[in-house]
Amino acid sequence: MGLSEPIFNRAEIEIRAPPALVRTVLMDFARYRDWTHKSRWSITADKSVQDLKPGDSLRVDLGGMSFRPTLVDIMEDSFAWDGSLWGLLVGRHYFHVLPSKKTPGGTLFVQKEEWTGPLSVRPSPTEEEEAVGSWPWLGYVQRGYQSRVREKV
């Protein structure tokens, strides 16, 4: 996967809605442009979400940059893909939709990313890195995305 040490990011948010509802919003690819990152992000698949299985491809467009990740996990409480940006940055992106231990009837929504490859350069460690991962700016992006999911439920 690359010569550099893997890097990671993780962000989580509590949502006052049941996991099934949060998952419904998360997996409604057709509506992503309605609520993600100023309507620039989208995820599309060649089949319905209900028919997706590990090994299937998606198309992810981040507003000018797109890639075709491969699903590695799609279950009631998790969703993950492996993707690559020209082989220079290779990663796995996880979404977990778990029953909350803090919010009765609520959801703990977790996003994680693990990266390797020539561009996965680890910055100098900071206190913030310990909290959110190797690329703190990506944790900021993840938390913004999670806030938009929370607003939709």
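## Surface patch, internal cavity and salt bridges

Leu88 is partly exposed, with 37% relative accessible area in this predicted model. Leu88 is placed in the loop between β6 and β7. Together with Met65 and Trp86, Leu88 forms a nonpolar patch on the surface, and the accessible area of this patch is about 340 Å². Leu88 could be taken into the patch because its value of 37% lies over the 30% relative accessible area that patch residues need.

The interior is described next. The count of cavities of 30 Å³ or more comes to one, and the largest cavity has a volume of about 40 Å³. Its lining consists of Arg23, Leu26, Met27, Met75, Glu76, Asp77, Ser78, Phe79, Phe95 and Val97. Helix α1 (19–26) and the elements β6 (78–85) and β7 (89–99) each give two or more residues to this lining. By residue class, the lining of the largest cavity divides into six nonpolar, one polar and three charged residues.

Leu26, one of the lining residues, lies in helix α1. Leu26 counts as buried because its relative accessibility is 2%, and buried means under 20%. Phe95 also belongs to the lining; Leu26 and Phe95 are 69 residues apart in sequence, and their C-alpha atoms are 8.9 Å apart in space.

The count of salt bridges comes to six. Three of them are listed below, each with its N to O distance and the relative accessible areas of its partners.

| Salt bridge | N to O distance | Relative accessible areas |
|---|---|---|
| Arg10 and Glu12 | 2.7 Å | Arg10 34%, Glu12 41% |
| Asp56 and Lys47 | 3.2 Å | Asp56 12%, Lys47 33% |
| Asp82 and Arg92 | 2.5 Å | Asp82 27%, Arg92 30% |

In the bridge between Arg10 and Glu12, Arg10 is partly exposed and Glu12 is likewise partly exposed. In the bridge between Asp56 and Lys47, Asp56 is buried because its relative accessible area is 12%, under the 20% limit, whereas Lys47 is partly exposed at 33%.

The side chains of Asp82 and Arg92 meet in a salt bridge. This pair links distant parts of the chain, with Asp82 in strand β6 and Arg92 in strand β7, ten residues apart. Asp82 is partly exposed, and Arg92 is partly exposed as well. Elsewhere, salt bridges with shared partners join Lys47, Lys53 and Asp56 into one network.

Conventions. Residues numbered from 1 in each chain as written. Predicted model: local features only at pLDDT ≥ 70, side-chain atom pairs only at ≥ 80, totals over all residues. Heavy atoms only, no water. 1 Å grid on protein atoms, 1.4 Å probe; cavity = no way out; pocket = protein on both sides within 12 Å on 5 of 7 lines; lining within 4 Å. Points joined across faces, edges and corners; volume = space filled by probe spheres on them. Helix = DSSP H or I, 4+ residues; strand = E, 2+ residues; numbered from the N terminus. Nonpolar A, V, L, I, M, F, W, Y, C, P; charged D, E, K, R; others polar. Patch = residues over 30% accessible without salt bridge, like charges linked within 9 Å, V, L, I, M, F, W, Y side chains within 5 Å. Areas by Shrake-Rupley, 256 points an atom, 1.4 Å probe, with all protein chains shown as cover. Salt bridge = Lys/Arg side-chain N within 4 Å of Asp/Glu carboxyl O. Buried < 20%, exposed > 50% of the residue type's maximum accessible area, 1.4 Å probe, protein only.
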